[in-house]
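Colleague: I have a protein chain open here and would like to go through it with you. Could we begin with one strand and work outwards?

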Amino acid sequence: MSLLELDDVSVTYRIAAGEVPAVRGVSLTLDSGAALGVAGESGSGKSTLAMALLRLLPRDARVDGRILLGGEDIAAMTWGRLRAVRWAEASIVFQGAQHGLNPVRRIGDQIAEPLLVHGLAKPEGARKRVTELLEQVGLPAWRARSYPHELSGGQRQRVMIAMALACSPRLIIADEPTTALDVMVQAQVLTLIKELVAEHGISLIMISHDLSVLADVCDQLAVMYAGRVVEHGPSAQVFHDPRHPYAKALAAAFPTVGDPASRMAPQGLGGDPPDPMQLPTGCAFHPRCPVALPECASTDVELWPAGPGRVAACVHVRAKEEAS
Ligand SMILES: Nc1ncnc2c1ncn2[C@@H]1O[C@H](COP(=O)(O)OP(=O)(O)OP(=O)(O)O)[C@@H](O)[C@H]1O
Ligand code: SF4
Ligand SMILES: [Mg+2]
């Protein structure tokens, strides 16, 4: 059984100006111990999707479709059950989370809190677990007595990862966990996440706008555009041989680690992401697509097979499949 199943999930924010369809009909599954990367440029709906998974969205957000965690419907959970699930079964490292640490409480107390709140340890046991967790994320035990301002950005992000690991969850959702860090520290934190999830058999959903980072850490990749998944498949294939023109542009925008040619010539994508309240008709990518056909402005695209274990939402992919 899959650990996580998303079936036709949509999220719509209701604001004074109208409705914002931030996530549109996303279906994905994640097996136990697997790592799924979710990529897409700013505003494509990545964080909204992540928050929907643990019902962390504001009240003005409507969620349609079904989200099953360990076979349990997230929407049907009582608040008590939901609280137990957050942290203990699935935890989330938020975008810029390192700034969310309480400035006036010691690191150790903050890491111990979920253990005590969920009754998973007594104070003495929690202290021992904090030492263990700090070691796992590469920080010395004495750091438990430090305050957040005494740590660097990278060290604070390690603390956030320790907090996410505290209750031994089955799933960690990491939303741009390294965006605010410099390249060297970013690489260290990513390696750390990769090792920890592999070592402890934790499933991972990692969100980033950087496909190369995700391809390095995750087995599967989903590329989002304007709230939809436009390509999904094994990460090496999606990154090195993308089928959707947007995924191609995204892959070309970031240099491949260890490939000097791509480092010297990263390519960008013209135009801006669409306003979700004024989505283009047909394929939402058509105003920016370098290979758009006249029919793209009116054809309803869907995810078509794009090779073994792969799907992509582009008429060229459909035509290729039909021809083969
Ligand atoms: N609370 C909210 N109310 C209304 N609209 C929102 C709200 N939060 C996000 N949105 C809109 O939903 C869309 C998706 O936002 P989201 O934060 O999920 O994108 P993202 O892919 O995580 O972007 P980024 O890479 O910048 O973090 C955007 O158009 C955003 O403006
Ligand atoms: S369906 Fe058309 S506009 Fe959309 S990605 Fe494919 S070619 Fe481009
Ligand atoms: Mg985000």
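Colleague: Is strand S9, residues 220-225, largely enclosed by the rest of the structure or not, and why?

Modeller: Please keep in mind that this is a predicted model. Strand S9 is largely enclosed by the rest of the structure, because six of its six residues are buried. A residue counts as buried when 20 or more other C-beta atoms lie within 10 Å of its own.

Colleague: Which residues of S9 point one way and which the other way?

Modeller: Gln220, Ala222 and Met224 point one way from S9, while Leu221, Val223 and Tyr225 point the other way. The residues of both sets are buried.

Colleague: And which way does strand S3 run relative to S9, parallel or antiparallel?

Modeller: Strand S3, residues 35-39, runs parallel to S9, and four bridges join them. In one of these pairings, Val38 has Ala222 of S9 as its bridge partner.

Colleague: What about S10, then: in which sense does it pair with S9?

Modeller: Strand S10, residues 228-234, pairs with S9 in the antiparallel sense over six bridges. Leu221, for instance, has Gly233 in S10 as its bridge partner.

Colleague: How many residues lie between S9 and S10 in the hairpin?

Modeller: Two residues lie between S9 and S10 in that hairpin. Ala226, in the turn, has a positive phi of about 50°.

Colleague: What is the order of the strands in the open sheet?

Modeller: The order is S6-S7-S8-S3-S9-S10-S12-S11, which makes an open sheet of eight strands with mixed pairing. Strand S6 (90-93) and strand S11 (304-305) stand at the edges, and each has a single partner strand, so one side of each is left without a neighbour in the sheet.

Colleague: Going back to S3, how many bridges join it to S8?

Modeller: Five bridges join S3 to strand S8, residues 203-208, and these two strands run parallel. Ala35 stands opposite Leu204 in S8.

Colleague: Let us change topic to the chain as a whole. How many helices and strands are there?

Modeller: The protein chain has eleven helices and twelve strands. Its radius of gyration is 20 Å, close to the 20 Å that the globule rule gives for 324 residues, so the chain is as compact as a globular protein of that length. Along the principal axes, the C-alpha atoms fill a box of roughly 65 × 50 × 40 Å.

Colleague: What percentage of the residues count as buried?

Modeller: Of the 324 residues, 41% count as buried. As for contacts with a separation of 6 or more, 62% of them are between residues 24 or more positions apart.

Colleague: Which domains does the domain assignment give?

Modeller: It gives domain 1, made of 4-89 + 169-323, and domain 2, made of 103-162. Where the two domains touch, 13 residues of domain 1 and ten residues of domain 2 take part in the contact. On the side of domain 1 that touches domain 2, helix H2 (79-88) and helix H6 (183-200) are the elements that give two or more residues. The largest share there, six residues, comes from H6. By class, that side has eleven nonpolar, two polar and no charged residues.

Colleague: And how far apart are the centres of the two domains?

Modeller: The centres of domain 1 and domain 2 are separated by 30 Å, taken over C-alpha atoms.

Colleague: Now the ligands. Which residues come nearest to ligand 1?

Modeller: Tyr13, Ala22, Ser42, Ser47 and Thr48 come nearest, out of 16 residues around ligand 1. Strand S1, strand S2 (18-30) and helix H1 (46-53) each supply at least two residues of this shell, and H1 gives the most, with three residues. By class, the shell around ligand 1 has six nonpolar, nine polar and one charged residues.

Colleague: Which residues are closest to ligand 2?

Modeller: Cys283, His286, Cys289, Cys296 and Cys314 are the closest of the 14 residues that surround ligand 2. By class, the shell around ligand 2 has eleven nonpolar, three polar and no charged residues.

Colleague: One last residue: where is Ser2 found?

Modeller: Ser2 is found in the segment before strand S1 (4-15). Ser2 is partly exposed, with 16 other C-beta atoms within 10 Å. Leaving aside neighbours within four places in sequence, Ser2 is in contact with Thr29, Leu30 and Asp31.

Key. Residues numbered from 1 in each chain as written. Chains lettered and ligands numbered in written order. Predicted model: local features only at pLDDT ≥ 70, side-chain atom pairs only at ≥ 80, totals over all residues. Domains from an automatic or database assignment. Contact = placed C-beta atoms within 7 Å. Nonpolar A, V, L, I, M, F, W, Y, C, P; charged D, E, K, R; others polar. Buried ≥ 20, exposed ≤ 12 C-beta atoms within 10 Å, placed from the backbone. Near = placed C-beta within 6 Å. Rg over C-alpha atoms; globule rule 2.2 N^0.38 Å. Pairing = 2+ DSSP bridges.
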